[in-house]
Amino acid sequence: MYKGRFRRQLKQSTLCLFCILCIFICIKSAAANRTTRLDSLKTILSKAPAPDVAIKTLQELSNLYRQKPEEVGYLHQLLDISNRVDSVQVVYTTAAHLSRYYYDDNKSDSVVYWAKYIDSIGKSRKELSDGLFEAYSYVCLDHLWMENYELAMNEAIRLYNLACSKNNTYGQIRCGENLGHIYQAIRRDSDAIAVFQAALDKQEEEGEKLTFSIRLVSYQLESLLRINKLDSAEVLLTRYKDLLDRQDKVNKITGSIYPVDRYRWIMHSFYAELYLKRKEMEKAKKSIACATSYVGKETISNDYAVFAYLYIQARYNKETGNYAAALTYINELLKSWKTPDCLQLKADILSESGDAQSAILAYKDVISETSKINNEAFTRQINQLRTLYDLNDKEMQKKELEISQMNVNIKEHQLIISMSVSVILLLILYILYFSLRRTRRLKNELQKEKEALIESEKNLRVAKDKAEEASQAKTTFIANISHEVRTPLNAIVGFASLLSDPACTEDEKTEFSSIISNNTELLLNLVNDVLCLSQIEAGNLSFTIRTVELVDCCRNAMDTIRHRIVDGVSLTFTPETPSFLLNTDPLRLQQLLVNLLVNAAKFTEAGEINLSFHIDSKENKVDIIVTDTGCGIPQDKITQIFKRFEKVDEYKQGTGLGLSICQAIANALGGTIRVDSTYTQGARFIFTHPC
């Protein structure tokens, strides 16, 4: 019997040594591969690569140095290059990563700074990015771990409402995750489970993302085990293992560095807790042994994985009567997590081990820590109420001042109106007097003019015949632009008459002025197109060729039409190089680009309008490309689109002259312009300019 037992133990020991050797070899191999990759990336970066290559290189370097001091330097370099080439999505992502770094480094001010940095850029561009929700989620969690539960809840709800109002799925998922953390912190685990499940369902509807699912399932398991829903926890643990296996395969295929081992460590700790609560001590022991194999691997300081492992070790050793080991683990845990639960576990261990004196002191620590937390929460709430009272008092004083100022303004307006009415009446009397005198004088002149009119009538009949011939020649032109002229003119005349109506409020007059301004701009653009077309027909279109900065021309064109971009559409610029000199007429080139961008803005109601250029050094030319995600151009109209008065949508504003003018300018500059018929997500125009 003893020999058989000895042989089994020998086999088990041999197997364990073999497993440890395999793990050691894998770790050494991974470390060598990581070092080789770092050297390769740094070599690429030292050669001052193109912006797109530099961005990709810096992104990978920052990932490899995740949560290390080197990461900050690479992220700042990435931010500088992204701002320089106007790669705004990379800017959002990089700033969010900086917020995450400082959150893990416990630097609250820097976390808030980078969140506000993203917010300011988004507001200036009138767009809502995923990076905003990622950065502000760290602000929310920072409030939570500082035990400012009210601030954390307010921030989470504010962000969730914003995400819902803008229908931002990523924001809804991220805010749901934050709300779940808050519910866990205040021990509302049932609510936390529901919120995490809602976020999980939401992200699966949009297309499952493994990293999201792993995190959300991990959080759910923590709450399920805490409220003893063991059957549900066991089912979810099976899914958790499957998710981690799938992510491990993704890591191996793509070279990703997602920390699967960290979550496996947490998973085995969860399994140990499940079996411990079911009193299945042998299974709990095996799970703890599996968790122990991950001890010492690289992880973030004060990580939850460490907490879960130390806590379950303390509980397991307490349940098995190994009180010395249990005290060792709980004391190690209390160095970083001095919570009432951990203090309570230590007191229970001391009590069961028979050390009554130490147990009493430990229970006093539990009571003291709980009172401290309650007192801090009470003090914090009192301070927030005081702040709220002060704000309300200041708001009341401000409103009283506004009312006083409003009364003064009303009296001033009444005085101005009275004086204006008096002046108008005097002018009317003056006009009536001179009108009467003029009427008498004109009566004598009318007779003379009557005779002249008879003679003029004969001349007009002759002129009429000539005018009808000229009118027939212009009928086609007038028929094409009559509607385009009439629409803005009607708006200008109609709203201009309303400006003098005293029944209209100041807000309405401001709105009328804005409408008049917009329609005036439309009418001016129409006139400019017609004049430009006439210059082209007469051959009077002048060009001044000189060396110009192509990037500056593109940016000027984008700034000119930015106000025409509707909400929900992002206007982006992705140059191939940050600088390129081109021999051209800058005014005519900018006119061509503005016409193409205005055309894109007119037909794009959602998505993106992108301006870019590609340099072909072999052919000695540069392709300037305008791409949109609008309605696109039907195949049957691609060959007709550059003809005069040709329109894709007859109900859209415009005469159909813009693209015709673009083609004339392109030809005059020695280039060509065409539609990319292979692009089906909208419309793409390519202007080829010789270098």
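## An enclosed edge strand

In this predicted model, strand 2 is largely enclosed by the rest of the structure, because 6 of its 7 residues are buried. Strand 2, which covers residues 569-575, is nevertheless one of the edge strands of its sheet, the other being strand 6 (672-675), and each of these pairs on one side only.

## The sheet and the helix packed on it

The sheet to which strand 2 belongs is an open one of 5 strands, in the order 2-4-5-7-6, and its pairing is mixed. From one strand to the next, the twist averages 15 degrees. On the side where strand 2 does pair, its neighbour is strand 4 (residues 607-616), and the two run in the parallel sense over 7 bridges. Within this pairing, F573 has L611 of strand 4 as its bridge partner.

Helix 21, spanning residues 658-668, packs on the sheet, where it touches strand 6 and strand 7 (683-690). The direction of helix 21 makes about 140 degrees with that of strand 6.

## The chain as a whole

The protein chain holds 21 helices and 7 strands. Of its 691 residues, 38% are buried, while the area that the chain exposes comes to about 40600 Å², with carbon and sulfur atoms supplying 56% of that area. Among the contacts in the chain with a separation of 6 or more, 63% are accounted for by residues 24 or more positions apart.

One pair of residues distant in sequence is formed by V530 and L657, which are 127 residues apart along the chain but 7.9 Å apart in space, taken from C-alpha to C-alpha. V530 lies in helix 18, which runs over residues 506-538. Since the partly exposed class begins where the buried class ends, at 20% relative accessible area, V530 counts as partly exposed with its relative accessibility of 22%.

## A nonpolar patch on helix 17

A nonpolar patch of about 800 Å² on the surface is made by I417, V421, I424, L425, L426, I428, L429 and L432. One of these residues, L426, has its place in helix 17, which extends over residues 356-499. L426 has a relative accessible area of 59% and is therefore exposed, the cut-off for that class being over 50%.

## Positive phi in two loops

Positive phi values occur at two residues in loops on either side of helix 5 (108-125). N106, a residue other than glycine, has a phi near 60 degrees, and its place is in the loop between helix 4 (88-104) and helix 5. With a relative accessible area of 62%, N106 is exposed.

K126, which is not a glycine either, has a positive phi of about 55 degrees. K126 is found in the loop that lies between helix 5 and helix 6 (130-145), and its relative accessible area of 65% makes this lysine exposed.

Notes:
Residues numbered from 1 in each chain as written. Predicted model: local features only at pLDDT ≥ 70, side-chain atom pairs only at ≥ 80, totals over all residues. Heavy atoms only, no water. Helix = DSSP H or I, 4+ residues; strand = E, 2+ residues; numbered from the N terminus. Buried < 20%, exposed > 50% of the residue type's maximum accessible area, 1.4 Å probe, protein only. Contact = heavy atoms within 4.5 Å. Areas by Shrake-Rupley, 256 points an atom, 1.4 Å probe, with all protein chains shown as cover. Patch = residues over 30% accessible without salt bridge, like charges linked within 9 Å, V, L, I, M, F, W, Y side chains within 5 Å. Salt bridge = Lys/Arg side-chain N within 4 Å of Asp/Glu carboxyl O. Pairing = 2+ DSSP bridges. Axes fitted to C-alpha atoms, helices over the stretch in contact; angles between N-to-C directions.
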